[in-house]
Amino acid sequence: MNRFTRGIFLFIGDTLSLLFSAIIIYSILSSLSIAEKPFPIAHTTIIVGSVLIALMFFKMYMVNWRYTSLNDLGRLVLGITVGGGISLGLAHYFIGMGSYEATFTALVLTNGVITVGGFRISKRMYYGIIKSQKGKNKHAIIFGGENEGEQILRDILTNDHWNISVHGIFDDRVTPGLLLHGVRILGGKKAMIEYIKNNPVDQLIVAFPQYPKKDLKVIIDKVKEIRPEMDIKVLPSFHSLTDNPVGVEHIREVSIEDILGRKPVNIDLQTIKASITDKTVLITGAGGSIGGELVRQCANLKPDKLIALDIDETELFYIENEFKKTDANVIPCVASVTDKQKIDKILGHYKPSIIFHAAAYKHVPMMESFPEEAVKVNIGGTRLLASLACKHEVNKFIMVSTDKAVNPANVMGATKRVAEEVCMAYNGTCTTKFISVRFGNVLGSRGSVVPIFIDQIKNGGPITVTDPEMMRYFMTIPEAVLLVMQAGSMGSGGEVFVLDMGEPVKILDMAKDLIRLHGLIPYRDIQIKITGLRPGEKLFEELLNSEEGVTETEHEEIYKAVCSSKLSSSVLESRINQLFTLLEDDEDSESLRSLLKILVPTYTYNESKKEPILKRAKKPDESLLIG
């Protein structure tokens, strides 16, 4: 039906419901009356006409029949009441009103609430009670019996296409034995585990966004131990019932981030919003995992202009395409952070107030083979961008750093540590406030361990882990980006902020968890192979140097590292120039590493590092050449 035909259908249905109500009331009054009375046609016509006009006024012919709500029923009762009052006045004025007619009118209106209301909710009742159980073959239970669980259950009952039949609800907060839309509350988490042991449950829906992640991991591990094949879905914690109702479309497959044991981060959105809204923001590395999420989060805060800069035109194309149908003023710029003329031109044209510097080479083993590229981009790009930020009077410069900059055992970490030193050295030399934010690994970033493991599982294994004792800090990409933005809004210049990454996670345990999440059993369905540490890898990453400490900030999950620059800005500049002189002279990687060691005394490396691939390439066999 379209809007017009639906209105006509409801109008006819209401008319018939009111006429039916009048016939019922006339039959009842006739059976109770000694004297036979003719059917009051005139009064009935006035009643029906008045009520229909009132329902039109209250827009009761613009609602969806299947989704009639309590609010709609309230307006329906109000419309019948107002229409009834009008009908009493019209009947009294035009045709007179005796006691029989007054009683007839009052009873027809009262019964009309039932007949019209019953007609209006009939379709919802049909889908919610009768049809909801037809053809359903997924035996499901819901963990969470308050607002979120109630809304998801209601959505399941009113939409038969979900193919779900809910057999029980479990929640320690709710009294057992109560019924929620006809489904019984069977107890708390202990009762749920027992139920899963003894019943053929196909799906568990976790509709409890506030439930602690550590406790959720315990439940998921226990459920997977009992039924490895069970489908577990969760409602993410960012859904808010005060904003939008939740339904089945909002739940998703349980993922590794749900069982990391991290509690959701607390964000002061008002502070972040004040630092971004109506300002021009430039993000380097906008095509990467962190840079792309920075673009998305900043776009939500309505900046005046949002310049997305990256050397990868394909990723920028995807970013631009993502925002084409939105109000966000996202401007793609294809450029390298090492191109002085181009960056100078961009900053001069757009005059950004804030720069988020996320452009960097990050893959540790690759940079061990190409240390000169890490120096050019991670150090040279940061220095160039910092100097131009000063020149164009950028208000804030926030650099995304890494835990690998702490006691670095690889070129990537050492170059990021020098980049932190660059930011500290430039702070105070101009009006720009330079801030660095250091954090660990993010889940799901390109080339990170989780996507690699998932691909290996899909291909039947084995999962490759470099060392059974390797541990890493992990955080979701949105969490990391929001905390970077939070730290940037807090910083006054010169700080190296450290994000609270929670507890480190053993990579081997993560591999096992991912296998279980796919309904498989480690070492039986998917093997795990230990391959040995790669060049530049450490068993443990640190967020602070051994000689460093931290001080608390106003945000409980952001700390400030006590790390002053060991080199003056002039000495730092001189040593960086020496690095680039080595690059120009095409010196070997050993010389670069030696000079990096001087710049970063805590940098340790194996002197038998491999030479870059291009320098190790053998000359072709001339006998194989033609002509």
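Colleague: Which residues do ring pairs link into a cluster with Tyr26?

Modeller: Keep in mind that this is a predicted model. The structure holds 13 aromatic pairs, and ring pairs join some of these side chains into a cluster. Besides Tyr26, the members of that cluster are Phe39 and Phe104.

Colleague: Nice! Are the rings of phenylalanine 39 and phenylalanine 104 stacked or edge-to-face?

Modeller: Let's start with the centres, which are 6.3 Å apart. Planes under 30 degrees apart would count as stacked, and those over 60 as edge-to-face. Here the planes stand at 85°, so the pair is edge-to-face.

Colleague: How many residues apart in sequence are the parts that this pair of phenylalanine 39 and phenylalanine 104 ties together?

Modeller: Phenylalanine 39 belongs to the loop between α1 and α2, while phenylalanine 104 is in helix α4. The pair therefore ties together parts whose separation in sequence is 65 residues.

Colleague: And is phenylalanine 104 buried or exposed?

Modeller: Its partner, phenylalanine 39, is partly exposed at a relative accessible area of 31%. Buried means under 20%. Phenylalanine 104 has a relative accessible area of 1%, so this residue is buried.

Colleague: Which ring has the charged end of lysine 37 sitting over it?

Modeller: A charge counts as sitting over a ring if it is within 6 Å of the ring centre and within 35 degrees of the ring normal. The charged end of lysine 37 is 5.5 Å from the centre of its ring. That ring belongs to tyrosine 100.

Colleague: Let's turn to the sheet. Which strands stand at its edges?

Modeller: The sheet is open and has seven strands, in the order β3-β4-β2-β1-β5-β6-β7 with mixed pairing. An edge strand has a single partner, so one side of it is left without a neighbour in the sheet. The strands at the edges are β3 and β7.

Colleague: What is the bridge partner of isoleucine 205 in β6?

Modeller: Strand β5 covers residues 203–206, and β6 covers residues 231–234. These two strands pair in the parallel sense over four bridges. In β6, isoleucine 205 has as its bridge partner lysine 233.

Colleague: One more, please: which helix gives the most to the largest nonpolar core?

Modeller: The largest nonpolar core has 51 residues, and Phe397 is one of those with the most contacts inside it. Phenylalanine 397 is in contact with residues including Thr382, Leu385, Ala386 and Ala389. Ten residues of the core come from the helix that gives the most, spanning residues 371–391: helix α13.

Terms used:
Residues are numbered from 1 along each chain as its sequence is written. This is a predicted model: local features need pLDDT of at least 70, side-chain atom pairs count only at pLDDT 80 or more; totals for chains, interfaces and linings use all residues. Side-chain values use heavy atoms; hydrogens and water are left out. A nonpolar core is a set of buried Ala, Val, Leu, Ile, Met, Phe, Trp, Tyr and Cys residues joined through side-chain atoms within 4.5 Å. Buried means under 20% relative accessible area, exposed over 50%, partly exposed in between (1.4 Å probe, protein chains only). Contact means heavy atoms within 4.5 Å. Two strands pair if DSSP finds at least two bridges between them. Rings of Phe, Tyr and Trp (its six-membered ring) pair if their centres lie within 6.5 Å; planes under 30 degrees apart count as stacked, over 60 as edge-to-face and the rest as tilted. Lists of a residue's contacts leave out its neighbours within four places in sequence.
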